[in-house]
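User: Could you take a close look at one part of this structure for me? I'd like to hear how a pair of helices packs together, and how that sits within the whole chain.

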Amino acid sequence: MKKLFKTFEMKLVFFTFFILCLFVYLYHIENSIKNYRIYKKGMNDLKFINLYLDNFLEKQDKFVNFDKIVKNTKEFNQIIDDILSSEIKTEFSSIVYFELAEAQTIFAEKLEYIERYKSLQASNLNSIYFIYDLNQHFNKSKISNENKVLINQTLFILMQSFINLNDNKELLSKNLKFINKLAEKEKDKRLELLYIHTKKTIEKIEKINIIKKRVNELNLSKKLEKVDAFLVDSYNKKIKIQLFIASLFFLFLIFMIIVIYFEHKITRKIKNELLAFKYAVENSDNSIILTDPNQNIIYVNENFELNSGYTKEEVLGLNPRFLSSGSKSGTYKQLKEKLQKGEKWEGEFINKRKNGSIFYEKASIVPIFLNNKLVNYLAIKLDITKYVKQKEKLELSSIAFDNVQEGILICDGDKKIITVNSAFENISGYDKSELIGMTPTILQSGRHDKVFYSRMWGSIINNGYWRGKIYDRRRDGEIIPIWLNITAIKDKNGKFNRFIAVHTNLKEIIETQEKADFLAYHDPLTNLPNRAKLEEDLGYSISLAKRNKSNLFVLFIDLDRFKIINDTLGHQIGDELLKVLAKRLKMILRGTDSVFRMGGDEFIVTLDSSPTKKAAGYVCGRILELITEPIKVKGHILNTSASIGVSMFPDDGVDISTLIKNADTAMYHAKEKGKNNFQYYDKQLSVDVHEQLKIEQALKGVLQREELYLCYQPQYLLNTKEIISFEALVRWEHPELGCIPPDKFITIAEDTGMIVDIGKYIFKTACKDFVSFKKINPKLKYMAINISSVQFKDKNFVDDVLKIVKMYNLKPSEVELEVTERYMMEFTKNNMDTMNNLRDLGFRFSIDDFGTGYSSMSYLTKLPIDVIKVDKAFIDDTPEDNGNVQISSAIVALSKSLGYSVIAEGIEYENQENYLKQIDCNMGQGFLFSKPLTFNKTKELLEKSNN
C-alpha cells in the first residue's frame, strides 16, 4: 500500500513539473503574439503617417499646421527606433530588421525633403499673400487699364501654376519681362517688388515640384509594405512551429492526465473501501458484533448497546446466543451448519433486551478468513421490531394512498375519520390530528341541503360509491369546489367498515382555465384586448354597423421614437411606458369605444360612437395630446408622440382586414407628414404604398441582374470652361417598371439597408471609370461620388473605400465624397470621426444641396470640407429673382471667406452662368454645359475637348 502511494506521489510531482513547463511555454507564445501585435500596429502607424505626409506634400496651396507634421515625423522615428531596439531581430527575422533599417534611412532622406518643402511652402504662401496685396494696390492705382489687365492676367496664371491647374511658363515669362520694363519706366517700387516676388515664387514652385518628384522616387510606402509582408510571413512561420510544439505538450499532458486518473482511481477505491468499512462499523444504524473463532464476542458497536440495553463491558467474552428469547426455532441449527461450511448466513432472530422486552433482528453473519485461516465472525444485525409491529398499518396505508395526488380521507364504519393524507390536509386546511375522530360534516359549506346528502348516501349504500361536484368549507372559511369520489368497503360479514373519499380540488383547474381564457384574448403586459379579441369584437361591430347603417372608425396608432427609448433606456422602461399609455388610452375613450394592443408599440382604437370624420378627428386630437404629455418612469421623464391612421366603415372597407390594412397605410402617411399627427385614408395612399412595395421587391437582386448603371455630369471652371471633374450619378432601368428615378429608389434602399451594397458598387464603378477618363484627359482632378448617411454608419465603410482607391491606383485626393447638408449638420461624434479619418487619408468632401437644410455657421467652420455646392433651387430664375440672387451671392461670399471652393448646380442658361461669374463662383454644373452622360458619351466628350 505504501509503495502504491509512493509511486502515485512521484507521478504527481512529475505531472506538476510538466504543467509548469507547459505554462512557461504558453506564456512565451502569448508574449510572441503580444509583441507581434505591437510590431504590426507600429507598421500600420508608419504606413498611415507616411500616407499623411504624402498627402501633406500635395497641399502646397493651403496653410498646414507644421506642428502636426513635426509631431508625425517624430512619431515615425520613435516607432522605428522602438521596433529596431526591440527583440524583433532575434524573435522574428533579421530580414525584417535590416529592411526596416533601410526604411529608416529612406525616411531620413524624405525628412530632409519635407523640411525643405516646409520652408518653400511657407515662403510661397507669404509671397502669394504679398502679391495679392500688391494686386489690390494696382487695381486702385492710376496705372492704365491695359497694365492692370496684364498684372491681373499674370497673377491669374501664377495662381493656376501654384495650384497645378495650368502651367503657361512662356506667357508668364513674357508678362514678367513687360512688368520689369514697366517698373523701370514708371520707377515704381511696388512694380519692382511684384516682379521680384513673382519670379521667386515661380522658382520656388519649380523647386517644390522637384522635391515632390524626389519624394515619389524614394517610394518609402513600398518599402514599408515589404517590411510588413516579411513580418507577417515570419510571424506565421513562427506561430506554426509554436503551435506544433504546444500540440505535443498538450498530447503528452492528456496522456499524463489519463495515467494519473487511473492511478488515482485505484488509490481512491482502496481508501474509500477502508473509510467506508470504518464508518460502517462505528456509525452504522445496524448492530455490529465481532467474535473470535470460538464465537465469543470481542467487539460491539454503539448501536448494539442501544438496541440490546447491554454495555460493551457486559457482553465481551459472551456468546451472542445469550440474547435469545427462548422461542423454538430452527434458526440456530441452520446458522451452525452454514458457518461450519465457511459460508455466509442470513436470517432473523427473536431476541430479548436486558429489560426483558422482545425485539426482532434481521442478521447477516460472515466468517472472516486470513491466509485461509478462520480468524473472526462478523455479524451485522438490523432491528426490525418497528417494521413487524407496523405491518398491519402499512397494509392499511397501501390502500389509502394508491392515489397520492388527490386528497384522501378514510372513515370507519361509524363515519368517523381515522386518517387523511397530506394532500387532504392542504386542501382542507386542517391538520390530521384535528380531523381524526371527527365526521366529514366538519367540511360542510352550507350550499347543499339535506335532500342532496340523502341522495348521496343513498347512492353509497345502494351502489357502494358516489361521484359528483360538491362545495367544501376550508378551515379558514374559504369555500372551494371539489370533485368527490366516495367508495364504501365492506368487511367479511358484508357490513360497511371503511369509507374512502378521494377529493380533487377544482379551484386551480377553474382558475387556470379562466386565466387561459383571459390570456387568449388579452395582452399580458398591458391587459388590453389583443388582436384575436379585436377581430372578434370588430366583426361584431361591423355587423352592428351594417344593420344600423352607421359609420365605424378604426384608428391605427404607432408610437414615434419608441425604439430609441427601448434601445437607450432598456426594455423595462419601454414596457412601463406602454403600460402608462395603455391606461391613458382607456381613460379617454367612451364606453362604446375600445382600445387593443396589436404588439410592440402599435395600438388600435375602434370608435362605434363617432358619427362623422370630424368627431373621429376630435378623438385623434385628444389621443395625440394625451400621448405627448410627459411620462415619469423610474426617474426618467419620457416624451413621445404618435402617428395615427384612420379608416372608416363602410367607405374605406367593409371587412376587418381591409379596415385595419387601410388604417395602417394612413398611419405610415402620417409618419411621412412629420409624425405626431393623424391622417385619413384615401385610395391614392394604397397606390403609393403598392408602388413602393414593387420598387422594394425589384431592388432585391438589382446588382446581380446588372440593371444599375452610372452617368457622369461634368464640373467645369466658369472662367475657362475647362472640365476639372465629374459627378457620378446612378441610374436604374428595370425591364418592367422602366426608368426609376433615384429620388424614388434611393430612400427605399436606405430604409432596407440595401444602399450599403449599392453604394459600394457605385463607388467602385466610378473609380474604375475615372481611371479611363484620366487616360484621355490627365488634367482631371477628381471624381465626385454621392455617399448616403447609411453608408457612413457601416463599420467597414472607411476600409472599403480605401481598398477600392488602392485597387485602381488612385490617390484619395482624387475622390470627392458628396454628402447632403442635412447629414453634415447632424454633427455627431461618429460622423465627425469618420469624416476626419477619411480627410486625414486625403479624401475630399463637398456639401451637396447647400442651403436647403439646417445650416449653422458654427458647425460649418468646423467641418472638414473642400467644396460647397449651391443647390439648383437658388440658381433657378437668377439673375431676375432677387431673392435667389441674394441667397446665392451670400453662399458664395460665405464659402470664399471660409476658404471653400464653390460649385453651382443646375445651370441651364447663359445669363445664369454670367451672373455666377460676376459673384466670383468657381465652378459650374448643369444642362447648359452638358447633361449627365453615359460612360461612352463621357469619353467622347473628353476626346472632343482635347481636340
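Analyst: Let's start with the whole chain, keeping in mind that this is a predicted model. Among the contacts in the chain with a separation of 6 or more, 62% are between residues 24 or more positions apart. The chain has 947 residues, and 42% of them count as buried. Its accessible surface is about 53,000 Å², with 54% of that belonging to carbon and sulfur atoms. In terms of secondary structure, you're looking at 33 helices and 26 strands.

Now for the close look: helix α25, residues 755-776, and helix α27, residues 797-807. Their axes lie 9 Å apart, and the two helices pack at an angle of about 20 degrees. Angles under 35 degrees count as roughly parallel, so α25 and α27 are roughly parallel to each other. As for handedness, α25 makes a right-handed crossing as it passes α27.

Who touches whom? On the α25 side, the contact is made by K760, F763, K764 and C767. Facing them from α27 are D800, V801, I804, V805 and M807. Sort that contact by class and you get six nonpolar residues, three charged ones and no polar ones.

For another pair to set beside it, try helix α19 (residues 562-569) and helix α20 (residues 571-588), whose axes come within 6 Å and cross at roughly 140 degrees. That angle makes α19 oblique to α20. Here F562, I565, N566 and L569 of α19 meet H571, I573, G574, L577 and L578 of α20. By class, this contact has six nonpolar and three polar residues, with no charged ones.

Notes: Residues are numbered from 1 along each chain as its sequence is written. This is a predicted model: local features need pLDDT of at least 70, side-chain atom pairs count only at pLDDT 80 or more; totals for chains, interfaces and linings use all residues. Side-chain values use heavy atoms; hydrogens and water are left out. Axes are lines fitted to C-alpha atoms, for helices over the stretch in contact, and angles run from 0 to 180 degrees between N-to-C directions. Helices (H or I, at least four residues) and strands (E, at least two) are DSSP runs, numbered from the N terminus. Angles under 35 degrees count as roughly parallel, over 145 as roughly antiparallel, 65 to 115 as roughly perpendicular and the rest as oblique. A crossing is left-handed if the near helix is turned anticlockwise from the far one by less than a right angle, and right-handed if clockwise. Contact means heavy atoms within 4.5 Å. Ala, Val, Leu, Ile, Met, Phe, Trp, Tyr, Cys and Pro count as nonpolar, Asp, Glu, Lys and Arg as charged, and the others, Gly among them, as polar. Buried means under 20% relative accessible area, exposed over 50%, partly exposed in between (1.4 Å probe, protein chains only). Accessible areas come from the Shrake-Rupley method with a 1.4 Å probe; for residues, only the protein chains shown count as cover.
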